[in-house]
Amino acid sequence: MLQLTGPIYPPSTGGKPKQLVVLLHGYGSNGEDLIGLAPYFAQHLPHAQFVSPNAPFPCEIAPMGYQWFGFEDRDPAMLLGGVRLAGQIIDAFLDAELARNDLKESDLALIGFSQGTMMSLHVGPRRASAPAGILGYSGSLIGPELLMAERQSSPPVMLVHGTADQVVPYREMEMAAGALREAGISVSTLARPGLPHSIDQTGAERGIGFLAERFRVSNAP
C-alpha cells in the first residue's frame, strides 16, 4: 500500500508529542499548504505534533499537486470508490503515526480542507475507536446514505464553511451535518458570511477552540 509523506511541525514545547493533529489538504494542493496553519494552532496546542501528508496520487488536472481521489468523473460510484481507496491509505498512515509517537486514538484529531474534509469525514467515523475530533473546512460528505451502517465510532465534528463558496457550495455543509447527526455523531457548524472557498481568521480561531476543548487544553482563544 502507498505510504504517505509530508511536512511535520513538532510540538512547540520541544518535548514529546501529547497529541497528533493530521491535516488533509484539498484537491490539487499538497501538504505544505495546510501545514501553514500549524504555527498558529500550536500557540494554543503547544504539545501537539502537526503532520500534513501529501495525498497519494498526482492530481489529474494539476500534475504538480496531489489528489485523494479523482473529481473529473463525478459518477457517485467512482467518487465513493476513490474515497474508499484513499481511506485505507489514510487509515494505515494514522495507525503508523500513532504507534510511532506512542499515542492513543483519543490523542488524534483530523483537520481537513475541501477534499481533505471529505476524507476526514469518511475515515474518522469508520475507525474502531473515535479520534478526539474532526475539524472540517469547506467540504462535504461523500456517500451520506452509507454512514449509518458503516460508522464504527462517533468522533465529535466541527464544520466551517463560507456562504459564498463557489467550489463546494455552502449547502454541502448543511447536508453533511444532517447526515452526521442522523448517524449519531455530534456536530457543530459555523457559517462564514460572504467567505469564498478558504479559511478565515474567525474560522481558524473557532477551530482552535474546538480542538482545545477536545484535547482539554485551557489556553484557547
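What follows is a short run of questions and answers on this predicted model. Residues are numbered from 1 along each chain as its sequence is written, and side-chain values use heavy atoms, with hydrogens and water left out. Since the model is predicted, local features need pLDDT of at least 70 and side-chain atom pairs count only at pLDDT 80 or more, while totals for chains, interfaces and linings use all residues.

User: Which residues have the most contacts inside the largest nonpolar core?
Analyst: A nonpolar core here is a set of buried Ala, Val, Leu, Ile, Met, Phe, Trp, Tyr and Cys residues joined through side-chain atoms within 4.5 Å. Buried means under 20% relative accessible area, exposed means over 50%, and partly exposed is in between (1.4 Å probe, protein chains only). The largest core has 40 residues, and those with the most contacts inside it are Trp-68, Met-119, Leu-159 and Leu-180.

User: Which element gives the most to this core?
Analyst: Elements are DSSP runs numbered from the N terminus: helices are H or I with at least four residues, strands are E with at least two. β2 (19–24), α3, β6 (108–113), α4 (115–123), β8 (157–162) and α6 (171–182) each supply at least two residues of the core. The one that gives the most, with nine residues, is α3.

User: How many residues does the second core have?
Analyst: This core is separate from the largest one, and includes Leu-37, Ala-132, Tyr-137 and Ile-208. Its residue count is 26.

User: Is Leu-180 buried or exposed?
Analyst: Leu-180 lies in helix α6, and belongs to the residues with the most contacts in the largest core. Its relative accessible area is 0%, so it's buried.

User: How many of the residues of α4 are buried?
Analyst: The helix is mostly covered. Its buried residues include Met-118, Met-119, Leu-121 and Val-123, along with polar ones such as Gln-115 and His-122. The count is nine of nine.

User: How many salt bridges does the structure hold?
Analyst: To count, a side-chain nitrogen of Lys or Arg has to be within 4 Å of a carboxyl oxygen of Asp or Glu. Some sit in a network that links Asp-91, Asp-95, Glu-105 and Arg-127. For the whole structure the number is eight.

User: Which residue does Arg-100 meet in a salt bridge, and is that partner buried or exposed?
Analyst: Both residues lie in helix α3, three residues apart, about one turn of the helix. Arg-100 is exposed, at 57% relative accessible area. At 2.1 Å, N to O, its partner is Glu-97, and at 8% relative accessibility that makes Glu-97 buried.

User: How far apart along the chain are Glu-150 and Arg-126?
Analyst: These two form a salt bridge, with the closest N and O atoms 2.8 Å apart. Glu-150 is in helix α5 (residues 147–150), while Arg-126 is in the loop between α4 and β7 (133–137). Glu-150 is partly exposed at 22% relative accessibility, whereas Arg-126 is buried at 15%. The pair links distant parts of the chain, and the separation is 24 residues.

User: Which residue pairs with Arg-192 in a salt bridge?
Analyst: Arg-192 counts as buried, with 17% relative accessibility. Its side chain meets the partner at 2.8 Å, N to O, and that partner is Asp-200.

User: Which residues gather in the patch of negative charge?
Analyst: Patch residues have over 30% relative accessible area and no salt bridge, with like charges joined within 9 Å (and nonpolar side chains Val, Leu, Ile, Met, Phe, Trp and Tyr within 5 Å). One of them, Glu-72, lies in the loop between β5 (66–67) and α3 (76–100), and is exposed at 57% relative accessibility. The patch sits on the surface, and its members are Glu-60, Glu-72, Asp-73 and Asp-75.

User: What is phi of Ser-138 near?
Analyst: Most residues other than glycine have a negative phi. Ser-138 is in the loop between β7 and α5, and is buried at 1% relative accessibility. Its phi is positive, near 55°.

User: What is phi of Arg-216 near?
Analyst: Arg-216 is in the segment after α7 (201–215), and is exposed, at 79% relative accessible area. It too is a residue other than glycine with a positive phi, near 60°.

User: How far apart in space are Phe-50 and Leu-20?
Analyst: Phe-50 lies in strand β3 (residues 48–51), and is buried at 0% relative accessible area. The two are 30 residues apart in sequence, yet C-alpha to C-alpha the distance is 6.1 Å.

How values were computed. Accessible areas come from the Shrake-Rupley method with a 1.4 Å probe; for residues, only the protein chains shown count as cover. Lys and Arg count as positive and Asp and Glu as negative; His and the chain ends are not counted. The place of a charge is taken as NZ of Lys, CZ of Arg, CG of Asp or CD of Glu.
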